[in-house]
Amino acid sequence: MKLKNTKAKKSKLEWDYQPPKINGGKQTIDDMSLVAGMYENYEVTKTGNLVGILEVSGINLDLLNDNEQQDVFSDYGAFLMSTLGEGVDDSLQFIEPTIPVNMTEWLNGLKRKYLDLKNNHPEEKFKIQLIASYLDHFTTVQNSKNMTTKQHLLTVKVPIKDKTMESLDLAVNNLDEKINQVKRDLENSLSDFDLTAKVLSSQEVQEILKNLINFKG
């Protein structure tokens, strides 16, 4: 279900929710899910929270020496203390799902190179055939979703005060401010290691939810 911003500002949001008991796998995904729907770029949960997701680039610790690795942990600890330290009544959730490797951009580059050679240098038959074989092989690999990687996600939430659209719109503004502040704090804390964070769009969040259920489905 996708929630839409309408003129019916007085309409109520139903999020009263009691987690169902496990019933031999007979529940539907909607029954088991905490997500009531999407609003703007965020998830509305059945427990009355608005949740946004940041995708964070990884740091390859294997490429760092012992001192550099210690600096990573120290800087990350400083981020946690500043965000969730003493006196802060808040929580963040870190998720590392397995996802298929997305080679679309790389494959598109190969396609452009293939077409350029075929149209402008048709005499280079061996090179054209080689690129065509790469395209065929790696397109099959991507479509089969057999090549996977880890995705680094950080979820940020704010409460929706009551069941009105006004409160939902206010929560969107609060979460916009909060998630961008967390993004800045995280990037600044680990700036020495070129870490970046991206606020995911509604479409990207829905793709993550799909992958969490079954990325091959």
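## Close-up views of a predicted model

**Figure 1. Helices α3 and α4 pack against each other at an angle of about 155°.** In this predicted model, helix α3 covers residues 104-120 and helix α4 covers residues 125-144, and their axes lie 10 Å apart. Angles over 145 degrees count as roughly antiparallel, and α3 and α4 are therefore roughly antiparallel to each other. The crossing in which α3 passes α4 is left-handed.

**Figure 2. Here are the residues through which α3 and α4 meet.** From α3, look for Thr104, Trp106, Leu107, Leu110, Lys111, Lys113, Tyr114, Leu117 and Lys118. Their counterparts in α4 are Lys127, Ile128, Ile131, Ala132, Tyr134, Leu135, Phe138, Thr139 and Gln142. Sorted by class, this contact between α3 and α4 has eleven nonpolar, three polar and four charged residues.

**Figure 3. Asn41 sits in the loop between β1 and β2.** Strand β1 spans 35-39 and strand β2 spans 42-45. Leaving aside residues up to four places away in sequence, Asn41 touches Leu200, Ser201, Ser202 and Val205. Glu204 is also worth finding in this view: its C-alpha atom is separated from that of Asn41 by 8.9 Å, although the two residues are 163 residues apart along the chain. With a relative accessibility of 35%, Asn41 counts as partly exposed.

**Figure 4. Glu40 shares its place in the loop between β1 and β2 with Asn41.** Most residues other than glycine have a negative phi. Glu40, however, has a positive phi, near 55°. Its relative accessible area is 46%, so Glu40 is partly exposed.

**Figure 5. Lys145 has a positive phi, near 60°, in a residue other than glycine.** You will find Lys145 in the loop between α4 and β6, a strand made of residues 148-150. Lys145 has a relative accessible area of 22% and is partly exposed. Buried means under 20%.

**Figure 6. For orientation, the whole chain has six helices and eight strands.** Following the sequence, the pattern reads α-β-β-β-α-β-β-α-α-β-β-α-β-α. Of the 217 residues in the chain, 32% are buried. Among contacts with a separation of 6 or more, 70% are between residues 24 or more positions apart. The accessible surface comes to about 14,300 Å², and carbon and sulfur atoms account for 51% of that surface.

Conventions. Residues are numbered from 1 along each chain as its sequence is written. This is a predicted model: local features need pLDDT of at least 70, side-chain atom pairs count only at pLDDT 80 or more; totals for chains, interfaces and linings use all residues. Side-chain values use heavy atoms; hydrogens and water are left out. Helices (H or I, at least four residues) and strands (E, at least two) are DSSP runs, numbered from the N terminus. Buried means under 20% relative accessible area, exposed over 50%, partly exposed in between (1.4 Å probe, protein chains only). Contact means heavy atoms within 4.5 Å. Accessible areas come from the Shrake-Rupley method with a 1.4 Å probe; for residues, only the protein chains shown count as cover. Axes are lines fitted to C-alpha atoms, for helices over the stretch in contact, and angles run from 0 to 180 degrees between N-to-C directions. Angles under 35 degrees count as roughly parallel, over 145 as roughly antiparallel, 65 to 115 as roughly perpendicular and the rest as oblique. A crossing is left-handed if the near helix is turned anticlockwise from the far one by less than a right angle, and right-handed if clockwise. Ala, Val, Leu, Ile, Met, Phe, Trp, Tyr, Cys and Pro count as nonpolar, Asp, Glu, Lys and Arg as charged, and the others, Gly among them, as polar.
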